Number of protein chains: 2
Amino acid sequence: MDLSSVRTTGEERNVRVAVDAMGGDHGPEEVVPGALLYAREHPGDTIILVGRTERVRAIAGRDVPASVTFVEAGEVIGMDEAPALALREKRDASIVVATALVKRGQADAVVTAGHTGAGMAAAVLGLGRSPGVDRPALAVQMVTDSGPFVLLDIGANPDSTGANLFQYAHMGAIFAERVLGVAEPRVALLSIGEEKGKGDARIQRATELLDASDLNFIGNVEGKDLVHHLADVVVCDAVLGNVTIKFFEGLSTFIFDLLRAEFRRPPRGPLAYALMKPGLDRIRAVFDYEKLGGSPLLGVRGTVIITHGRARRRMISYAVAVGAAAARARIPDLIAETFQHRRGEAVS
Amino acid sequence: MDLSSVRTTGEERNVRVAVDAMGGDHGPEEVVPGALLYAREHPGDTIILVGRTERVRAIAGRDVPASVTFVEAGEVIGMDEAPALALREKRDASIVVATALVKRGQADAVVTAGHTGAGMAAAVLGLGRSPGVDRPALAVQMVTDSGPFVLLDIGANPDSTGANLFQYAHMGAIFAERVLGVAEPRVALLSIGEEKGKGDARIQRATELLDASDLNFIGNVEGKDLVHHLADVVVCDAVLGNVTIKFFEGLSTFIFDLLRAEFRRPPRGPLAYALMKPGLDRIRAVFDYEKLGGSPLLGVRGTVIITHGRARRRMISYAVAVGAAAARARIPDLIAETFQHRRGEAVS
């Protein structure tokens, strides 16, 4: 498996990743094989499969690497449940039990394909915010014409302030530097115009704070710039980030579906498809978001990766890789150090 | 010319459209032929070409329809100028003179491909807001899998409130009903989740106001829904709307550029292209944003259409058509009637 998109810097210590084996649209039938894919390639890391052990073991089969362990969790939070209520009522849900392993120091990261809201709530309630962090942020790696950049917040906190965006910028830069291996990551705000400071009041406030910081702040990027790699970290409020990533998914799917229909239209479509197959494979590789794995929830006391509900085994294996890399790089510790150091410096 | 995308309802009175002949990246060389394209198809409407008359007449040539008139304006606001400063210093700029024709009742609409900020500022300063409207909004028609919907605000006002979004919803619905011919247009808010009311504080406030209104309010749409025609009017703040339309342009261009490169790659690409040409033309027709013409600035005392700076003659002709249709439907009067009637009803 090519994990070149997930690089680590510094020490190569082994880590323990708790995987919510029951989460996601496809449940353990995809999550368990995905976790095993990772485990077989990385025998030094421990994979802890959390869920209904009997079912999880049955799916895992007999040929399970020695580095894989099983932890029982009797309940599952469904994709349509209200997160707060579900977390209150299902104390034995797989995402709750998996997160508790991180809390108790028995795992270094948790990875889930389950309900995003439940995963975030389990992390915030179960692990708590990192010291000095006002609000955690959910980040994602975005496809561009020349490698991914980090976009955040894509859904943790609507109504963020300029000071929140400022913290997101720091957290995103730490992730880009330590997990993606980008030296001095370029940080930008997503806004309405490219002139620095153009935007709404919170963008203007964040601009002031970032201008005065030691980050490599390059000003604004616009919507049209998101397909180019103008910045390594792009910061925005949750509503804007969430609409952006979902529109990315919706629009690219729409275009590729139109193309697929034309390539299937007889008599010429199938022949054109045969001729274009290598080219289409190259385009598919550009849009291979499965390799980007999952979204780190930054700013909580532990490494938490939330991947797509529709993720299949290949994407799950990459999500585990992102979790392992973030845990190995001690991202939560680095974030805590950054904000303890800055505490009271620029919070308004 | 097929103007089926621009329907009018009600009376078929003739209108006078003032065209900023100097605006846009391509200047009068594209704007003037575009305006003439419209004039030849619609001899009942008057087209007023505003700019350096000598140059405009030279481009128009000898065969000018009798319905086309010329108004002198000696200056031009460049695409890179600061709008407020330029408007102060260039009293004789083509966009200022064209807007003044509407103000004085000598034209029913103004159409410009010039600097968007300058066009909006000229309209707001020159015409003023419609009575009862707190903030104007810039709208655009968005491409979907089944005909366009209206998205607004895409750039007039950052830091809008829930009450502003409520007014945008009314203005967008009037445009959709009277210019696009949609009966009882479905109105939605663009947000982070599909459950009604999910989003930030202003989306929640707008939800309350819209729930209590007589609009056909259907709740939220998400980013992934923007390629489907789930709503006829989608309302959001300027930063979100602007990033959305620019990301649409950036991402679709990115994908089509990747495809173009593969279709040009010898030896198989050109053959595949020849086979797929009819299919690609069908896809191109879906993404034919030129037919959508231009963006109406809703909520000012007059019909104002701002089209793409890169618009060429074909798109200019459609922008003039949108301006004529909106003027014919008396959109500014309908907006004023709506808000005078509602004044003080829901402004918070």
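Okay, let's start with two helices in chain B: helix H4, residues 94–103, and helix H5, residues 116–127, pack at an angle of about 35°, with their axes 10 Å apart. Keep in mind that this is a predicted model. Those two values are the usual way in, since two packed helices are described by the angle between their axes and the distance between the axes. The crossing of H4(B) past H5(B) is right-handed.

So who does the touching? From H4(B) the contact takes Ile95(B), Val96(B), Thr99(B), Ala100(B), Val102(B) and Lys103(B). H5(B) answers with Ala118(B), Gly119(B), Ala122(B), Ala123(B), Gly126(B) and Leu127(B). Sort the residues of this contact by type and you get eight nonpolar, three polar and one charged. If you look at the numbering, here's something handy: an α-helix has 3.6 residues a turn, so residues three or four places apart point the same way.

Let's stay with H4(B) for a second. How many of its 10 residues are buried? Nine of them are, so to speak, mostly covered territory. The buried ones are Ser94(B), Ile95(B), Val96(B), Val97(B), Ala98(B), Thr99(B), Ala100(B), Leu101(B) and Val102(B). And what covers them? The cover includes the strands E1, E2, E3 and E4, plus helix H3 (83–89) and H5, in chain B. Just after H4(B) you'll find Gly105(B), with a positive phi of about 75°.

Now the sheet. In chain B, 11 strands form an open sheet, and reading across it the order is E3-E2-E1-E4-E11-E10-E5-E6-E9-E7-E8, with mixed pairing. Which strands stand at the edges? Strand E3 (68–72) and strand E8 (216–221) of chain B do; each has a single partner strand, so one side of each is left without a neighbour in the sheet. From one strand to the next, the twist averages 25°.

Let me zoom in on one strand here, E5 of chain B, residues 137–142. Are its residues buried or exposed? Six of its six residues are buried. Ala137(B), Ala139(B) and Gln141(B) point one way, while Leu138(B), Val140(B) and Met142(B) point the other way, and both sets are buried.

E5(B) has a neighbour on either hand in that strand order. With strand E10, residues 295–298, E5(B) pairs in the antiparallel sense over two bridges, and there Ala137(B) stands opposite Leu298(B). With strand E6, residues 149–152, the pairing is antiparallel too, and four bridges join the strands. Two pairs to click on: Gln141(B) has Val150(B) as its bridge partner, and Met142(B) stands opposite Phe149(B). E5(B) and E6(B) form a hairpin with six residues between them, and Gly147(B) in the turn has a positive phi of about 85°.

Back to helices, this time lying on the sheet. H5(B), our friend from the start, lies across strand E4 (109–112), E5, E10 and strand E11 (303–306) of chain B, running at about 175° to E11(B). Helix H10 of chain B, residues 313–328, lies across strand E1 (16–20), strand E2 (46–51), E4, E10 and E11, and runs at about 160° to E4(B).

Let's hop over to chain A. It has 11 helices and 11 strands, and 56% of its 348 residues are buried. Why call its overall size globule-like? A compact globule with 348 residues would have a radius of gyration near 20 Å, and chain A has 20 Å, which agrees. Its C-alpha atoms fill a box of roughly 60 × 60 × 40 Å along the principal axes. Of the contacts in chain A with a separation of 6 or more, 73% are between residues 24 or more positions apart.

In chain A, strands E10 (295–298) and E11 (303–306) pair in the antiparallel sense over two bridges, with Ser295(A) partnered by Ile306(A). Helix H6 of chain A, residues 162–178, packs on the sheet, and its direction makes about 160° with that of E9(A). Helix H8 of chain A, residues 238–264, packs on the sheet as well, touching E5, E6 and E7, at about 130° to E6(A).

Last stop: where the chains meet. 46 residues of chain B are in contact with 46 residues of chain A. On chain B's side, H8(B) gives the most, with 19 residues. By type, that side has 24 nonpolar, 10 polar and 12 charged residues.

How values were computed: Residues numbered from 1 in each chain as written. Chains lettered and ligands numbered in written order. Predicted model: local features only at pLDDT ≥ 70, side-chain atom pairs only at ≥ 80, totals over all residues. Rg over C-alpha atoms; globule rule 2.2 N^0.38 Å. Buried ≥ 20, exposed ≤ 12 C-beta atoms within 10 Å, placed from the backbone. Contact = placed C-beta atoms within 7 Å. Nonpolar A, V, L, I, M, F, W, Y, C, P; charged D, E, K, R; others polar. Pairing = 2+ DSSP bridges. Axes fitted to C-alpha atoms, helices over the stretch in contact; angles between N-to-C directions. Left-handed = near helix turned anticlockwise from the far one by under 90°.
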